[in-house]
Amino acid sequence: MAGLAEACLGLLTGRILVRVAPPEVDLAFGRKIFMRKLMLGNEAIARGAWQAGVRVATAYPGTPSTEITEFIAQYPEINSEFSVNEKVALEIGIGACIAGARSLVSMKHVGLNVAMDPLLSIAYPGVNAGLVVVVADDPGQHSSQNEQDTRYFGIAGKLPVLEPADSQECLDFVNAAFELSERFDTVVILRLTTRVAHSMSAVETGPRREVPLRPHDTRPGKYIVAPAFAKKRRVVAEQRLRDLEAEAEQIDLNRVEGRSKSLGIVTSGIAYQYVREVAPDASVFKLGMSYPLPEQRLRDFAKGCERVMVVEELEPIFEKQLLSWGIPVVGKQRVPIIGELSPEIVREALDRGRTPRLDTSALSDLPVRPPVLCPGCHHRGPFAVLRKLKLHVCGDIGCYTLAAFPPLSSMETAICMGASIGMAFGYEKARGAAFAKKTVAVIGDSTFWHSGITGLVDVIYNRGISTVIILDNETTAMTGHQDNPSTGKSVTGKPAPVLDFVALAKALGVNSVREVDAYDMNALEQVIREEVAREEPSVIVTRRACVLKRDASVKSPPVIVDEDNCEACKICVRLGCPALSLTTSAVQIDPGLCTGCGLCISTCPFDALTQPSPRAL
Amino acid sequence: MDKTTNILIAAVGGQGALLAARAFGSYACELDLKVKVSEIHGMSQRGGSVVTHVRFGAEVHSPVIEAGTADVVMAFELLEAARYLPMLRIGGTLLVNTQQIAPLPVLSGAASYPDDLLQQFERLPITVIALDALSEAEKLGNVKTVNTILLGAYARHSQGEVAAWHRAIAFSVREQHRAINLRAFDQGYVLAASPSTHAVPTGETGS
């Protein structure tokens with residue numbers, strides 16, 4: 001019964017997140033899964049936080065970091081939340097750590113931009129209980145506005161940066177990060193990339209360490225950044241960096257894998273895995289602590305190799321540091337700076353031959369498959385109206401950013417979270433009120449809570465006449481339907497207050513606040529026309545639950561095409577709804593996809609589209 | 001590295017590629033092999049391409065398959081099969097569901113869905129196993145079992161251990177879906193024994 005005993009031990013000593021093996025599944029098989037679990041990097045971070053005795057975890061959703069907090073939310077021992085934005089998330093983490101609780105704050109790389117003020121401001125003061133900031137970069141920009149390299153921000157803040165290379169390291173490095181944080185009195189950055197965060201590999205899990213609350217830190221002035229105190233901490237921070245450099249020389253997160261002397265490769269993170277794959281014979285210096293770097297250890301490594309290459313994804317940070325120390329290395333001469341790396345790119349960079357490939361040249365001109373707004377999405381109507389009215393649309397970040405693409409093509413700008421409102425006001429300041437009357441700002445509910453409020457306050461206070469449309473689909477949709485102040489639920493699924501845009505806008509002094517049904521194109525058109533013409537700030541709110549979250553049992557009948565009336569004018573198809581296709585002489589509607597929202601009906605000039613009543617919406 | 005098996009799963013968002021990848025992971029775990037799975041979360045619910053890499057063997061470093069080294073491309077949709085075929089090694093196997101899901105440019109008439117994909121595949125130095133998994137799933141009464149049907153076909157093609165696969169699938173799905181998925185797996189297993197490499201593609205759109 002050894003298998004059964006070990007399985008029970010697994011249950012007692014470690015918390016298993018995923019469903020417990022059902023009775024009919026062979027326990028020996030189940031044991032292998034229990035003891036060595038296949039885990040997403042993000043899940044392993046969450047598990048690592050739990051094992052390290054973390055008590056407080058905050059975040060704002062952002063691919064590829066979002067799952068960390070979704071997994072953490074399953075642990076009752078951790079007080080976790082999706083905060084309204086990354087700055088608030090980090091400030092909560094800072095408060096919690098000063099009050100004695102180990103805290104973990106997670107975000108994507110551009111989310112760090114939002115949290116940079118608290119991050120760099122807490123850098124000198126340091127911590128009480130450990131504080132770890134997990135930042136997930138997106139090389140290749142799978143779902144981001146840029147591929148900025150978070151290692152720079154460790155350098156800017158003089159904060160250590162740890163880089164795990166697989167899921168086991170994700171778990172282990174969380175613990176190492178907290179240990180470093182408390183030992184060196186510093187925030188620690190734990191840096192992931194998409195391929196580490198979103199890959200699954202085997203993880204040995206362990207039990208939770210109950211780390212007692214530290215006494216509340218009341219050392220005078222430590223957390224007051226007035227220059228009188230902060231200047232003293234400046235000196236401490238510089239010495240702390242020297243101490244961390246000494247630590248880097250012997251920390252086991254960095255390791256040398258000695259193999260062939262002809263080629264040594266300095267690398268970190270996922271790039272390490274590609275190096276091991278295509279150059280299994282090369283000596284490798286694997287950096288687990290990417291900042292600060294261990295100068296002496298790297299010198300010794302380089303001395304032992306005929307030549308040294310640096311294989312790092314994105315920026316030549318290691319390369320430039322090594323060169324500045326007079327260590328000759330080759331890096332970005334061979335390894336691309338743009339985009340994510342891959343085994344084949346590293347193979348090419350290291351001159352390791354070419355893998356023979358199928359000749360797929362005949363299959364090269366394939367139609368692309370862009371992401372689209374779902375059938376029934378309530379963003380579609382407003383953007384179709386904005387396009388019809390030929391308005392300038394300053395957009396924002398969310399599912400509705402997809403409206404920038406054909407065929408909707410009705411968004412001019414989308415720069416960063418919450419930018420829509422300020423940017424529309426900027427249009428007005430540059431070109432005057434007449435231009436403002438041809439401009440709208442469009443922003444989603446979560447984005448508005450994140451960083452739209454301040455833009456609106458500015459418009460009101462500085463006497464703009466902007467028209468702001470808030471598209472409320474009662475969720476943070478693009479990142480996977482997380483909750484926010486509009487949803488009525490928290491990350492743990494418990495009920496939460498629903499905050500009210502309309503009341504807020506009125507309280508701020510917006511006289512004209514309109515609510516419109518997003519599916520009523522005529523009403524939308526009328527209200528938008530009225531509000532852009534108005535010479536004072538306006539807020540228009542559309543509110544419909546995201547179609548993916550709606551009660552599936554409440555269905556409206558699909559729209560039907562009268563092929564005799566259809567003139568294939570393409571007006572309905574230009575809504576970009578995936579349920580509509582025009583590949584024959586008349587439009588066809590897929591009843592399996594159509595949600596019966598009826599938007600297309602109102603666009604048809606030939607009465608070719610109808611819907612059996614009643615609409616259940 | 002010779003012993004590593006590389007499976008690339010290409011699908012349209014919502015077809016259940018993730019579940020298939022996790023079933024692979026469970027299966028490989030039981031064989032005491034190292035497993036890594038790479039998936040990109042994000043656009044899957046918006047009808048975009050979803051690609052999952054599964055690698056298992058004695059030693060696995062990269063969770064991402066090197067282009068031209070996939071042993072199997074398991075495609076849940078015909079156009080995605082074409083899109084990710086460059087990942088397949090010479091002599092590898094393309095296991096493809098012949099269902100067609102038109103992407104937006106095709107729906108709007110701006111592009112056309114290529115009509116000769118299967119013939120193109122068959123000209124290449126690879127093995128093509130084409131199944132109408134959607135029809136089979138419909139016969140079983142649940143279109144979401146396309147993924148487990150394909151897993152069954154893979155298991156047959158790779159001469160895998162059926163009992164181990166059954167356990168892997170049971171472990172990967174909720175209890176109430178276990179029975180239908182195991183039936184779907186068995187159906188795929190049977191179908192792969194007599195694959196139709198000249199299957200007529202199914203109709204234009206499908207969910």
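In strand 15 of chain A, A:Thr439, A:Ala441 and A:Ile443 point one way, A:Val440, A:Val442 and A:Gly444 point the other way, and all are buried. Buried stands for under 20% relative accessible area, exposed for over 50%, and partly exposed for the range in between (1.4 Å probe, protein chains only). In a regular strand the side chains alternate between the two faces of the sheet. Strand 15 of chain A covers residues 439-444, and six of its six residues are buried. Strands (E, at least two residues) and helices (H or I, at least four) are DSSP runs numbered from the N terminus.

The model is predicted: local features need pLDDT of at least 70 and side-chain atom pairs count only at pLDDT 80 or more, while totals for chains, interfaces and linings use all residues. Residues are numbered from 1 along each chain as its sequence is written, chains are lettered from A and ligands numbered from 1 in the order in which they are written, and side-chain values use heavy atoms, with hydrogens and water left out.

**The parallel sheet**

Strand 15 belongs to an open sheet of five strands in chain A, in the order 14-15-16-18-17, with parallel pairing. Its edge strands are strand 14 and strand 17 (512-516) of chain A, each of which pairs on one side only. Averaged over neighbouring strands of this sheet, the turn against each other is 25 degrees, direction ignored. Two strands count as paired if DSSP finds at least two bridges between them. Within strand 15 of chain A, A:Val440 is the bridge partner of A:Val393, and A:Gly444 stands opposite A:Leu471 in strand 16 of chain A. Helix 16 (residues 419-431) of chain A lies across strand 14, strand 15 and strand 16 of chain A and runs at about 175 degrees to strand 15 of chain A. Axes are lines fitted to C-alpha atoms, for helices over the stretch in contact, and angles between N-to-C directions run from 0 to 180 degrees. Contact is defined as heavy atoms within 4.5 Å.

Parallel strand pairs in chain A:

| Strand pair | Bridges |
|---|---|
| strand 14 (residues 392-394) and strand 15 | three bridges |
| strand 15 and strand 16 (residues 467-472) | four bridges |
| strand 10 (residues 260-268) and strand 13 | five bridges |

**The mixed sheet**

Another open sheet in chain A has four strands in the order 9-11-10-13, with mixed pairing. Strand 9 and strand 13 (307-311) of chain A are the edge strands, each pairing on one side only. Neighbouring strands of this sheet are turned against each other by 20 degrees on average, direction ignored. A:Val310 in strand 13 of chain A is the bridge partner of A:Val266. Helix 11 (residues 269-278) of chain A packs on the sheet and touches strand 9, strand 10, strand 11 (282-287) and strand 13 of chain A, its direction making about 150 degrees with that of strand 10 of chain A. Helix 12 (residues 295-303) of chain A also packs on the sheet, touching strand 9, strand 10, strand 11 and strand 13 of chain A; its direction makes about 170 degrees with that of strand 11 of chain A.

A:Glu257 lies in strand 9 (residues 255-257) of chain A. A:Glu257 counts as buried because its relative accessibility is 12%. The side chain of A:Glu257 makes polar contacts with the side chain of A:Arg255 at 2.8 Å and with the side chain of A:Tyr272 at 2.5 Å. A polar contact is a pair of N or O atoms within 3.5 Å; within protein, one must be able to donate a hydrogen and the other to accept it, and residues adjacent in sequence count only if both atoms are side-chain atoms. Beyond the neighbours within four places in sequence, A:Glu257 is in contact with A:Tyr272, A:Arg276, A:Ala282, A:Ser283 and A:Val284.

**A residue in helix 22**

A:Ser602 is found in helix 22 (residues 599-603) of chain A. A:Ser602 counts as partly exposed because its relative accessibility is 44%. Its side chain reaches the backbone oxygen of A:Leu599 at 2.8 Å. The C-alpha atoms of A:Ser602 and A:Thr447 are separated by 29 Å, with the two positions 155 residues apart along the chain counted as their distance apart.
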